[in-house]
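This briefing introduces the packing of helices in the structure shown below. It is intended for a reader who has not met the structure before.

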Amino acid sequence: MGEPSLRERALRHLARRDHSRAELARKLAAHGDADEIEAVIERMGELGLQSDSRYAEAFVRGKAARFGTSRLRSELARRGIERDLIDAALAGECVESEAERARTVLRSRFTEPPADAREWARQARFLQTRGFAPDLIRKLLKEPYDESA
């Protein structure tokens, strides 16, 4: 048995999980030239085995409960997804409001509201690294925690 073909490598990657075109091209780069790789990825798309739209939707679905819109947007852009596909995925998969998601993320990590400026900054940094907007963070950290939630 010789080296697997470019097509076989692409199929193996796609069998494990969805990949964006850019990710798949990067993973195949060491095994062929750019024209061959583009042809293989194009064929995978024609067969419905590779779809940036499906990848973006699955990514958002899997990460939306833990991250804010700006983080999701930047992660997808980093993975080579086009802006219009990112917008469509975020609109379709983020059914909970940004504020509700941020509140859930905050309360899952911190059981009490910030008692002082240092704790406020710590909780704000936590939400900021998760990709939530600064104005939303300020609003959430001013809210009292509901003991029943």
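**Helix packing in a predicted model**

Helix 1 and helix 2 cross in a right-handed manner (the near helix is turned clockwise from the far one by less than a right angle; anticlockwise would be left-handed). The model is predicted, with local features requiring pLDDT of at least 70 and side-chain atom pairs counting only at pLDDT 80 or more, while totals for chains, interfaces and linings use all residues. Residues are numbered from 1 along each chain as its sequence is written, and side-chain values use heavy atoms, leaving out hydrogens and water.

**Helix 1 and helix 2**

- Helix 1 covers residues 6-16 and helix 2 residues 21-28; their axes lie 10 Å apart at an angle of about 130 degrees.
- The two helices, helix 1 and helix 2, are therefore oblique to each other (angles under 35 degrees are roughly parallel, over 145 roughly antiparallel, 65 to 115 roughly perpendicular and the rest oblique).
- Leu6, Arg9, Ala10, His13 and Leu14 of helix 1 meet Leu24, Lys27 and Leu28 of helix 2, where contact means heavy atoms within 4.5 Å.

**Helix 4 and helix 6**

- The axes of helix 4 (residues 52-63) and helix 6 (residues 83-93) come within 9 Å and cross at roughly 45 degrees.
- That angle makes helix 4 oblique to helix 6.
- The crossing of helix 4 and helix 6 is right-handed.
- Helix 4 contributes Asp52, Ser53, Ala56, Glu57, Val60 and Arg61 to the contact, and helix 6 contributes Leu85, Ala89, Leu90 and Glu93.

Notes
Axes are lines fitted to C-alpha atoms, for helices over the stretch in contact, and angles run from 0 to 180 degrees between N-to-C directions. Helices (H or I, at least four residues) and strands (E, at least two) are DSSP runs, numbered from the N terminus.
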